[in-house]
Amino acid sequence: MADLSKISVVLPSLDPDEKLTAVIDGLLSHGFSDIILVNDGSKQENMHFFTDAAQAHPEIHLLNHEVNRGKGAALKTAFTWFLENRPDALGVVTVDGDNQHHPEDTRACCEHMLETGRITLGCRDFSLPQVPARSRFGNKTTSLVFKLFCGIKLSDTQTGLRAFPRDTLKLMCQVAGDRFEYETNMLLAMKTNGIPFDEVKIRTVYIEENKSSHFHWLKDSWRIYKLILAHFFRYTLSSLVSSILDISLFHLFTRLLMGSVSGLALDAAATGLARLISSLFNFFVNKKVVFRSGVSTGAALVRYYALAVPMMLAQALLTDAASSVLRLHQGSFLHTLVYAVVMTVLYFVSYSIQQRWVFAPNKNTSRGNDHE
């Protein structure tokens with residue numbers, strides 16, 4: 001069994017009850033010897049749970065927020081304190097204070113993190129009958145959205161049980177967000193920076209259908225989804241502007257070249273010239289604004305055109321084929337409309353490939369193998 005003396009438990013809490021005491025007792029009994037307990041601006045009547053725990057257990061270091069600042073702020077407070085005061089420690093594990101994380105699962109996540117050096121997420125099974133319908137639907141929906149729009153494959157998007165190696169915490173302290181959206185931003189930062197992670201399967205525990213959670217389904221869900229969808233919105237806006245530029249140039253070059261070439265050659269020539277100009281514009285906007293990729297410009301440009309050239313050929317072939325079937329005149333409005341429709345279909349294909357390959361960091365950010 002791994003030595004957990006070099007792992008600090010980060011335990012944020014707001015207005016706790018006796019479940020916090022149970023969480024602390026469980027962690028101490030399973031080999032953890034350093035707990036960073038964060039009071040996130042709790043009410044006075046709940047303060048005794050913090051002070052009693054700190055007085056009873058020398059393993060606890062208590063940090064206090066004078067007012068409620070949010071779970072994300074509490075985690076960053078603890079991470080910053082850890083980096084400044086635990087120079088020899090190897091990492092941290094974040095645990096919720098509502099007793100829904102079994103200490104054996106916490107230990108398993110830490111052992112896997114120490115063994116692999118990778119961020120480790122403790123993930124629940126949402127197909128089990130004890131999972132509240134709201135939680136099951138919410139997690140499955142968010143998992144699908146993460147996969148489609150962010151290229152991140154996760155089975156539990158809202159897990160609070162996460163083990164972080166020390167060298168990842170400086171970045172985590174810089175991640176934006178003070179409330180529940182912070183945990184989503186952490187996942188997006190891991191994707192953007194090419195930080196690999198694994199999942200470890202844990203018990204699926206819901207106490208009183210999670211009534212003690214401070215998660216507000218409407219307000220906090222909006223914070224989370226706008227982060228995910230903002231990523232896709234930037235891509236859509238970039239693609240829309242690039243498409244307008246591309247279509248305008250395609251129409252212009254078609255008119256200019258009509259006296260020189262015709263048929264497939266005309267479509268190919270107009271497509272090639274329009275795509276060259278619009279694609280350079282699209283490349284730099286996607287790299288700097290949409291995906292905010294740290295991949296070198298040269299490497300990303302090679303990948304981009306390795307995708308763009310087949311897409312350009314597909315655009316020309318499909319446009320010509322559709323126009324022939326529909327007997328459309330080249331240079332006409334309907335001919336240009338067909339070109340735009342074909343571009344829209346290929347747009348979704350291109351987004352997926354750009355996200356997963358062209359602008360993806362060199363390190364593999366896939367989930368890896370699940371571990372029991």
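Reader: Quick one to start: is C123 buried or exposed?
Author: C123 is buried, with a relative accessible area of 4%. Keep in mind that this is a predicted model.

Reader: OK. And what's the closest cysteine sulfur to the one in C123?
Author: That would be the sulfur in C109, and at 7.9 Å the two are too far apart for a bond.

Reader: What about C110, which cysteine sulfur is closest there?
Author: C109 again: its sulfur lies 6.9 Å from the sulfur of C110. A disulfide needs the two sulfur atoms within 2.5 Å, so this pair is too far apart for a bond.

Reader: Is C110 buried or exposed?
Author: Buried, with a relative accessible area of 0%.

Reader: So how many disulfides does the structure hold?
Author: The count is 0.

Reader: Let me step back a bit. How many helices and strands does the protein chain have?
Author: There are 11 helices and 7 strands in the protein chain.

Reader: And what size of box do the C-alpha atoms fill?
Author: Roughly 90 × 40 × 40 Å, taken along the principal axes.

Reader: How much of the chain counts as buried?
Author: 48% of the 372 residues of the protein chain do.

Reader: Now the strands. What's their order in the sheet?
Author: Reading across, the order is β3-β2-β1-β4-β6-β5-β7. This is an open sheet of 7 strands, and the pairing is mixed.

Reader: Which strands stand at the edges?
Author: β3 (60-65) and β7 (197-201) do. Each has a single partner strand, so one side of each is left without a neighbour in the sheet.

Reader: How much are neighbouring strands turned against each other?
Author: By 20 degrees on average, with direction ignored.

Reader: Back to C123 for a moment. What does it stand opposite in β7?
Author: C123 stands opposite K201 in β7. The strands β5 and β7 pair in the parallel sense, over 5 bridges.

Reader: And how many bridges join β5 to β6?
Author: 2 bridges, and there the strands run antiparallel; β6 covers residues 162-165. In β6, R162 is the bridge partner of L121.

Reader: How many residues of β5 are buried?
Author: 5 of its 5 residues, so the strand (residues 119-123) is mostly covered.

Reader: Which residues sit on which face of β5?
Author: I119, L121 and C123 are on one side, with T120 and G122 on the other. They are all buried, so both faces of β5 are covered. As background, side chains in a regular strand alternate between the two faces of the sheet.

Reader: What about β1 and β4, in what sense do they pair?
Author: In the parallel sense, over 4 bridges, with β1 at residues 7-13 and β4 at residues 91-94. One residue pair to look up is S8 and V92: V92, in β4, is the bridge partner of S8.

Reader: Changing topic to helices. At what angle do α10 and α11 cross?
Author: Roughly 155 degrees, and their axes come within 9 Å. That makes α10 roughly antiparallel to α11. For finding them, α10 is residues 297-326 and α11 is residues 333-358.

Reader: What kinds of residues make up that contact?
Author: The contact of α10 with α11 has 18 nonpolar, 6 polar and 1 charged. As for handedness, α10 passes α11 in a right-handed crossing.

Reader: I've clicked on M312. Where is it?
Author: M312 is in helix α10. With a relative accessible area of 21%, M312 is partly exposed. Its C-alpha atom is 9.4 Å from that of M343, and the two residues are 31 apart along the chain.

Reader: And where is H329?
Author: H329 is in the loop between α10 and α11. H329 counts as exposed, at 64% relative accessibility.

Reader: How far is H329 from G263?
Author: In space, 9.9 Å from C-alpha to C-alpha, while in sequence they are 66 residues apart.

Reader: Last one: how do α9 and α11 cross?
Author: At roughly 40 degrees, with axes that come within 14 Å; α9 is residues 263-290. That makes α9 oblique to α11, and their crossing is right-handed.

Conventions. Residues are numbered from 1 along each chain as its sequence is written. This is a predicted model: local features need pLDDT of at least 70, side-chain atom pairs count only at pLDDT 80 or more; totals for chains, interfaces and linings use all residues. Side-chain values use heavy atoms; hydrogens and water are left out. Axes are lines fitted to C-alpha atoms, for helices over the stretch in contact, and angles run from 0 to 180 degrees between N-to-C directions. Angles under 35 degrees count as roughly parallel, over 145 as roughly antiparallel, 65 to 115 as roughly perpendicular and the rest as oblique. A crossing is left-handed if the near helix is turned anticlockwise from the far one by less than a right angle, and right-handed if clockwise. Ala, Val, Leu, Ile, Met, Phe, Trp, Tyr, Cys and Pro count as nonpolar, Asp, Glu, Lys and Arg as charged, and the others, Gly among them, as polar. Two strands pair if DSSP finds at least two bridges between them. Buried means under 20% relative accessible area, exposed over 50%, partly exposed in between (1.4 Å probe, protein chains only).
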